[in-house]
Amino acid sequence: MGAKNNAKRKGKKGGKGGGKARVAGGVSNDFRRADFQHSQVQGSGTMQMFVQQYAPVPTATDSLPRLRADFTGRDDDVDFLLGVLDPERTDGLPAHAVLSGWGGVGKTTLVHAAGHAAFERGWFTGVLLVNLRGYDPHPSQAEDALEALLRSLGVRPEHVPAPGAGREALYRSQLAARERAGERLLVIADNASRADQVRPLLPPGHHGLLTTSRRSLPGLGRMRTVHLLQPEDAVALLRAALRHNDPDDRRVDEEPEAAQQVAVACGCLPLALQITAGLLAGDPDQPLAERAERLTSAGRLEGIDDGEQSLRATFDQSFESLPLQQAELFRLLSLNPGPDISTAAVALLAEQSEAATEKLLGHLAAAHLIERGPARGRWQMHDLLREYAHAQATAQCERSRPSRRRYDQARARLTGHYARTAKAADTHLEAGRAAIAPLFAGREQALAWLDAERENLIAIAHSEGTTETAISLGFSLGRYLESRRRLQDLVTIRSLALDACMAQGDILNEAGAWNNLGGALQEVRRFDEAIEAHQKALTLYQQHADTHGEAGAWNNLGIALQKVRLFDEAIEAHQKALAYYQQHADTHSEADAWDNLGIALREVRLFDEAIEAHQKALAYYQQHADTHGEVGAWNNLGTVLQKMRLFDEAIEAHQKALAYYQQQADTHREAGAWGNLGLALCEVRLFDEAIEAHQKALAFHQQHTDTHREATAWNNLGVALREVRRLDEAIDAGERATAMLAEEGDWFRTGEAWGELATTLEAAGADPVRVKEAWERSAAAYTRAGATEEAESSRGHLDGPPPQQSAEEEPTASS
């Protein structure tokens, strides 16, 4: 290999010195520096040939660098690559793989790790490494990479063919010869930007090829995307990097929460973590908490820069390689404040067709500057890339007024789209509404859109501040968020709408916003604040003589008053609401007031009047074809029927409600119906069916993380279990209920639960001291709730506490 043959005719010696010989054609030959140590004489007679064999040319087939000390968290990726490289594979496919992912995610270190692991297994006799510099200003061309690989294989520079097919053929021939000699090489083509950089490097036979790129490069082998590290692996990388610099650096172990914050601020991106570890190593006294605060309080990209490596510079390389249209779309995507975006919304941003938009988005995804979302037709961007894209958009706006105007218009198109579509979706959720927007085929489709866009809609409301858009979203999203039990989001969105109304001096909408906020505060059990909000709404409606709005505020105030057990005041509020609705001949809203009045009347044991109220509500709901309202009234009527010991009729009423809620997939209200049905079944001594009903209610409440209703379900389940002498389970259920209700601050229900638990303990023959303590806790809780009569009953526990009242009513708020 690498020998050079110089055949010379032996002739007469020349003049003095005899150091030169002449041959035909006048070519001068000089052997003074030739080494004939390995020469052979061939031929005979007067014709002899000297064959000069040069010394072996060095090769570079052990080029794999040492693995980084902080490599971690890539077991699945390494296993994937080893599965591709395994010489015992039987699928007949070449041992070629392509790793793609955005800059700094650790692709190069990963292929090095896989190379070391494969080499240790004896699968390869050598490794060839070539850096294609795909994102440098002047990337390597395939012919340059081939020359580098040939020289690593020991081919002398003068024997490397000119760029073209000959160079590629020699590369394949060299590898084929190695295979025949029993060798197997692994080629690592690092940092490619195009498939044509790699395609000529594909090795023949059983040799392996691993390619890394920031783009997806199909056709070069099995493809795999390298994702960000998991948070725990990111922390492990930070720890390893710090200890590599100083084995005594214990900051990660001493500040675990701060270490987690640093990892998250770095986006769990290996490059960002390594740069940050370098900065921390340079300042060994800096607490991790201080570094975390610095990374989150200012621009993160500026904070991830050690003077030699910079995350921004890495992103610049990827961004600057984009064609103009893709670069512009990448900047525009930063205008969406939420975590992901649909193709249709991006098309509005870019003012182009969905087909053209989807094509550009696909290119950005292939470049790993965005990612395909969990649902088809949705796209997402990592926070660090979003910050970078926003910086690029800001810079573009600062360069020219037309750019700023274009971006402002794009943002307005997007926010307008979200606000209009949310309003249209809400028409499908408002029971009994006559005018339903045709944008959606029905309620399910409207809910599906709202589910997909929820985070975007809330982010838009935040970003829009005091604009009309914030007001519109605050009024449009209430029913949806309440039905999906996104209660903190509900409070937030209605607070934002109120702030916007007040900033704009929009008094009438401000009254409605106070009313809606009060309803949201009720859902999170902030009843005193809810009462105050409804009273503010009342005042504003009264100032403007808006008696219809005032009726809605009275209705909602009555619900809040019930929650704090001020039933007489609640009855008065609902009666005022009724009077105003009747004055306006609004029988649909009147149905809501009748239904809520029935709940309050039940609580003061005016059962006949309560039944009459619910029946009037039923009639009006039926008149307006409001099935949702009708079913709620049936559920509430059932609880009154139970109090009158009309259990068969009560069971029928709850079963009607249950069937409807199941049909509507309304698991929140279905849980309430199961709970009420379980109480009725218990009364007719169908205890097994009652237990099953309470268990279903419990599961749904847990699914919705509704702690208060979950506690009520535990209490009711404990009672049913006691009846079938499953006393250990009943005690466990009762203890859960008491703890959760006390945590929620519902002292009346806590008193109930302690009373039921005391009864269960007595039935189980528990220590009398423990039983007495339960009764005392019941009395104390009732006292805190202001329930004097119930407290006295618990102290005497002659007849036990009043029968448990843990029904799930369905009050109907007025928006």
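**Figure 1. Ala 365, a buried residue of helix α15.** At 12% relative accessibility, Ala 365 counts as buried, because the cut-off for buried is under 20%. The model shown in this and the following views is predicted. Ala 365 belongs to helix α15, which covers residues 354-366. Apart from residues up to four places away in sequence, Ala 365 touches Ile 370 and Trp 379. Trp 775 lies elsewhere: 410 residues separate Ala 365 from Trp 775 in sequence, and their C-alpha atoms are 64 Å apart in space.

**Figure 2. The open sheet of β11, β13 and β12.** Three strands make up this open sheet, and their order is β11-β13-β12. The pairing is antiparallel. At the edges stand β11 (340-342) and β12 (371-372); each has a single partner strand, so one side of each is left without a neighbour in the sheet. Strand β13 (residues 378-380) and β12 are joined by two bridges in the antiparallel sense. Trp 379 of β13 is the bridge partner of Arg 372. Trp 379 is also one of the residues that Ala 365 touches in the view of helix α15.

**Figure 3. Strand β6 and its two parallel partners.** Strand β6 takes in residues 95-100, and six of its six residues are buried. Both faces of the strand are covered. Ala 95, Ala 97 and Leu 99 are on one side, while His 96, Val 98 and Ser 100 are on the other. Strand β9 (residues 208-213) runs parallel to β6 and is joined to it by six bridges. In this pairing Ala 95 stands opposite Gly 208. Strand β10 (residues 222-225) also pairs with β6 in the parallel sense, over four bridges. Here Leu 99 has Arg 224 of β10 as its bridge partner. Strands of a sheet pair through backbone hydrogen bonds, either parallel or antiparallel.

**Figure 4. Arg 74 in the loop before helix α1.** Arg 74 sits in the loop between β5 (47-52) and α1 (75-85). At 5% relative accessibility, Arg 74 counts as buried. Leaving aside neighbours within four places in sequence, Arg 74 is in contact with Val 105, Leu 110 and Pro 270. Its other contacts of this kind are Val 226, His 227, Leu 228 and Leu 229.

**Figure 5. Asp 489 in helix α21.** Asp 489 has its place in helix α21, made of residues 487-504. The relative accessibility of Asp 489 is 19%. That value still counts as buried, because the cut-off is under 20%. Residues up to four places away in sequence not counted, Asp 489 touches Arg 454, Ile 458 and Leu 481.

**Figure 6. The whole chain, for orientation.** The chain holds 36 helices and 13 strands. Its C-alpha trace spans about 140 × 70 × 55 Å along the principal axes. The radius of gyration is 39 Å, whereas a compact globule of 815 residues would have one near 28 Å. Of the residues, 51% count as buried. Among contacts with a separation of 6 or more, 64% are between residues 24 or more positions apart. The accessible surface comes to about 38000 Å², and carbon and sulfur atoms account for 48% of that surface. There are 88 positive and 115 negative side chains, with the centres of the two sets 16 Å apart.

Conventions: Residues are numbered from 1 along each chain as its sequence is written. This is a predicted model: local features need pLDDT of at least 70, side-chain atom pairs count only at pLDDT 80 or more; totals for chains, interfaces and linings use all residues. Side-chain values use heavy atoms; hydrogens and water are left out. The radius of gyration is taken over C-alpha atoms; the globule rule is 2.2 Å times the number of residues to the power 0.38. Buried means under 20% relative accessible area, exposed over 50%, partly exposed in between (1.4 Å probe, protein chains only). Contact means heavy atoms within 4.5 Å. Accessible areas come from the Shrake-Rupley method with a 1.4 Å probe; for residues, only the protein chains shown count as cover. Lys and Arg count as positive and Asp and Glu as negative; His and the chain ends are not counted. The place of a charge is taken as NZ of Lys, CZ of Arg, CG of Asp or CD of Glu. Two strands pair if DSSP finds at least two bridges between them.
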